[in-house]
Amino acid sequence: MTLDTRRVNANVARSAAGVLSCAHCRQELEGTAEDYLTLLPHYEGPVTDAGPQVCADTAEFIDVEIVFRQYYCPGCYTAFRTEVVPRV
């Protein structure tokens, strides 16, 4: 990270010109600090991908389908956000 960049969070930096980039590999990211996650590549799969601590049969507790989703850097594949959420 150079002197003209500031961290947005642990994984994203913003240059003085407002350009977002991965704080790990400097891959330029699309969007703004408010919407860049929606523009990142992501993986979506079964909730069991979140690990053994997550209940595999969510139908027992909730009426909508639940998925595991992980947003990652298109340059170095660092996971920026991981969530277990209703499928939209």
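How many disulfides does the structure hold? In this predicted model, the number is zero. A disulfide is a covalent bond between the sulfur atoms of two cysteines. Cysteine 22 takes part in no such bond, and the nearest cysteine sulfur, belonging to cysteine 73, is 3.7 Å away. For cysteine 73, the closest cysteine sulfur is that of cysteine 25, at 3.6 Å. This separation is too far for a bond, because a disulfide requires the two sulfur atoms to lie within 2.5 Å. Both cysteine 22 and cysteine 73 are nevertheless shielded from solvent by the accessibility criterion: cysteine 22 is buried, with a relative accessible area of 1%, and cysteine 73 is buried at 0%.

The two cysteines also belong to the largest nonpolar core, in which Cys22 and Cys73 are joined by Val12, Leu20, Leu29, Tyr36, Leu37, Leu40, Tyr71 and Phe80, giving 10 residues in all. Two elements, strand 3 (20–22) and helix 1 (36–39), each give two or more residues to this core. In soluble globular proteins, nonpolar side chains tend to be buried together. Tyrosine 36 has several partners within this group. Apart from neighbours within four places in sequence, tyrosine 36 is in contact with Val12, Leu20, Leu29 and Phe80, and also with Asn9 and Glu30.

Strand 3 is part of an open sheet of four strands, arranged in the order 1-2-3-4 with antiparallel pairing. Strand 1 (5–7) and strand 4 occupy the edges of this sheet; each has a single partner strand, so one side of each is left without a neighbour in the sheet. Strand 3 and strand 4 run antiparallel and are joined by two bridges. Across this pairing, leucine 20 stands opposite leucine 29 in strand 4, and both leucines are members of the nonpolar core described above.

Serine 21 is likewise placed in strand 3. With a relative accessible area of 15%, serine 21 is buried, because the limit for this class is under 20%. When residues up to four places away in sequence are not counted, serine 21 touches Asn11, Val12 and Ala13, together with Arg26, Gln27, Glu28 and Leu29. One of these contacts, arginine 26, lies in the loop between strand 3 and strand 4 (28–29). In contrast to the buried serine 21, arginine 26 is exposed, at 57% relative accessibility. Arginine 26 also has a positive phi of about 70°, although it is not a glycine.

Another loop of the four-stranded sheet, between strand 1 and strand 2 (12–15), contains alanine 10. Alanine 10 counts as exposed, at 53% relative accessibility. Its contacts, leaving aside neighbours within four places in sequence, are Ala23 and His24. The C-alpha atoms of alanine 10 and alanine 33 are separated by 13 Å, with the two residues 23 positions apart along the chain.

A further open sheet comprises three strands in the order 5-6-7, again with antiparallel pairing. Its edges are formed by strand 5 (42–45) and strand 7 (79–86), each of which has a single partner strand, so one side of each is left without a neighbour in the sheet. From one strand to the next, the twist averages 15°. Strand 5 pairs with strand 6 (residues 66–72) in the antiparallel sense over four bridges. Within this part of the sheet, tyrosine 43 stands opposite glutamine 70 in strand 6.

A search of the whole structure for aromatic pairs returned two. One of them is formed by tyrosine 72 and tyrosine 77, with 5.7 Å centre to centre and 35° between the planes, and is tilted. Tyrosine 72 falls within the residue range of strand 6 (residues 66–72), whereas tyrosine 77 lies in the loop between strand 6 and strand 7. The two partners also fall into separate accessibility classes: tyrosine 72 is partly exposed at 21% relative accessibility, and tyrosine 77 is exposed, with a relative accessible area of 57%. As with arginine 26, the phi of tyrosine 77 is positive although the residue is not a glycine, here with a value of about 65°.

Methods: Residues numbered from 1 in each chain as written. Predicted model: local features only at pLDDT ≥ 70, side-chain atom pairs only at ≥ 80, totals over all residues. Heavy atoms only, no water. Phe/Tyr/Trp six-rings, centres within 6.5 Å; stacked < 30°, edge-to-face > 60°. Buried < 20%, exposed > 50% of the residue type's maximum accessible area, 1.4 Å probe, protein only. Pairing = 2+ DSSP bridges. Axes fitted to C-alpha atoms, helices over the stretch in contact; angles between N-to-C directions. Core = buried A, V, L, I, M, F, W, Y, C linked by side-chain atoms within 4.5 Å. Contact = heavy atoms within 4.5 Å.
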